[in-house]
Amino acid sequence: MTGIDDLPIRDELRGKSPYGAPQLDVPVRLNTNENPHPLPEALVARIAERVAEAARELNRYPDRDAVELRGELARYLTRTAGHEVTAENVWAANGSNEVLQQLLQAFGGPGRTAIGFEPSYSMHALIARGTGTGWISGPRNDDFTIDVEAAKAVIAERRPHVVFVCSPNNPTGTAVDAETVLALYDAAQAARPAMVIVDEAYGEFSHRPSLLPLIDGRPGLVVSRTMSKAFGAAGLRLGYLAAHPAVVDAVQLVRLPYHLSAVTQATALAALEHTDTLLGYVRQLKDERDRLVAELRAMGCEVTDSDANFVQFGNFDGPGGAHAVWQALLERGVLVRDNGVPGRLRVTAGTPAENDAFLDAVRAVLKENNR
Ligand SMILES: Cc1ncc(COP(=O)(O)O)c(C=O)c1O
């Protein structure tokens, strides 16, 4: 039977598997950092209205530049992220993954390299591979913060074209302060004109302010955001970036025409009308996240400080390591994520009932393992 490797596929894709967490049908799913709150009914009704309006014109291509949506996203950022931006600073695509891909299509590519500080969001490396960009794995400290001196040294030595900074970082939950980003930005620009991409997919869950104000006077700095997490709209597929207008012009050179459907634009605009309600859920989730951290620590787990809607916990060094614990939790109907960080697992903050079920399962597994 013909398989992928019998096809004239690019060498770097040979033998590889597609990215994706298991989508298993279990009672408590806390493995993909989704928001556990379904959209409120009033918003669902508003989406239906706006999509019906859009449907009347589906014979036409959508607004290619998504001007109204970019304007509303800019208004949201100006209100919540501590820096005034306009539609000219903002670009939107189908999930922040597509935003990141467009950035690497424009600023990475064959003969160029990107660096990320691992463990981090593994799609950064995979999007690099997909766009033919070389990947450099940068260092972190034992507490999962970025080792600034080591990072500066590797940037000076390897001179990457793109630097990824994920804040809060997935899967560790670690937020990055402005001084660190500025140190990496300066190091990158000293080596060559480079782009620094700050991935703030979980920005709304952080105790720290957004790094958005850093784009001021720094055309090589981009902040990437998403409606998948804080807006509880992972199924919508809407991500966006904020940067100097020249960056927005650059990604337009690689975007497919009409990439953002009229239905997507209408739905995102409806969701933005309900920002305040949705940010109320974010506040509840932050409390639940803090409760998970406190209760896991009380059980004796090592827990990484988290500024996101998930928590990295461990340190499981018994037989089978973290994966054995992942399996034992799954057998109790609780699905968490094994990101391959030795000894560690990641749990997404769910509803209070889901979190209780998760905590009970961890307690039971720890007790069983100590027996
Ligand atoms: C750090 C980070 N960036 C980006 C994304 C992509 O999100 P989306 O494409 O849904 O916007 C994720 C999703 O989990 C993430 O964890």
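This passage describes the surroundings of a ligand, two buried residues and the aromatic pairs of a predicted model. In this predicted model, local features require pLDDT of at least 70 and side-chain atom pairs count only at pLDDT 80 or more, whereas totals for chains, interfaces and linings use all residues. Residues are numbered from 1 along each chain as its sequence is written, and side-chain values rest on heavy atoms, with hydrogens and water left out.

The ligand is surrounded by 13 residues (a heavy atom within 4 Å), the closest being Ser96, Asp199, Tyr202, Thr226 and Ser228. Polar contacts are pairs of N or O atoms within 3.5 Å; within protein, one atom must be able to donate a hydrogen and the other to accept it, and residues adjacent in sequence count only if both atoms are side-chain atoms. Oxygen atoms of the ligand lie 2.8 Å from a polar side-chain atom of Asn170, 2.9 Å from an N or O atom in the side chain of Lys229 and 2.7 Å from a polar side-chain atom of Arg237. Of the 400 Å² of accessible area that the ligand has on its own, the protein covers 93% (Shrake-Rupley method, 1.4 Å probe).

Lys229 is listed by UniProt, in an unreviewed entry, as "modified residue: N6-(pyridoxal phosphate)lysine", an annotation that may be inferred rather than shown by experiment. Lys229 is found in the loop between β7 (221-226) and β8 (239-242), strands being DSSP runs of E of at least two residues and helices runs of H or I of at least four. Lys229 counts as buried because its relative accessibility is 13% (buried, under 20%; exposed, over 50%; partly exposed, in between; 1.4 Å probe, protein chains only). The side chain of Lys229 also reaches the backbone oxygen of Thr32 at 3.5 Å.

Asn355, in helix α11 (residues 352-370), is likewise buried, at 0% relative accessibility. A polar atom of the Asn355 side chain lies 2.8 Å from the backbone nitrogen of Gly350.

Seven aromatic pairs are present in the structure (ring centres within 6.5 Å; planes under 30 degrees apart stacked, over 60 edge-to-face, the rest tilted). The rings of Tyr19 and Tyr121, with centres 6.4 Å apart and planes at 85 degrees, form an edge-to-face pair, which links parts of the chain 102 residues apart. Tyr202 and Phe310 are also edge-to-face, with centres 4.9 Å apart and planes at 80 degrees. Because Tyr202 lies in the loop between β6 (195-199) and β7 and Phe310 in strand β10 (residues 310-314), this pair ties together parts 108 residues apart in sequence.

Terms used
Rings of Phe, Tyr and Trp (its six-membered ring) pair if their centres lie within 6.5 Å; planes under 30 degrees apart count as stacked, over 60 as edge-to-face and the rest as tilted.
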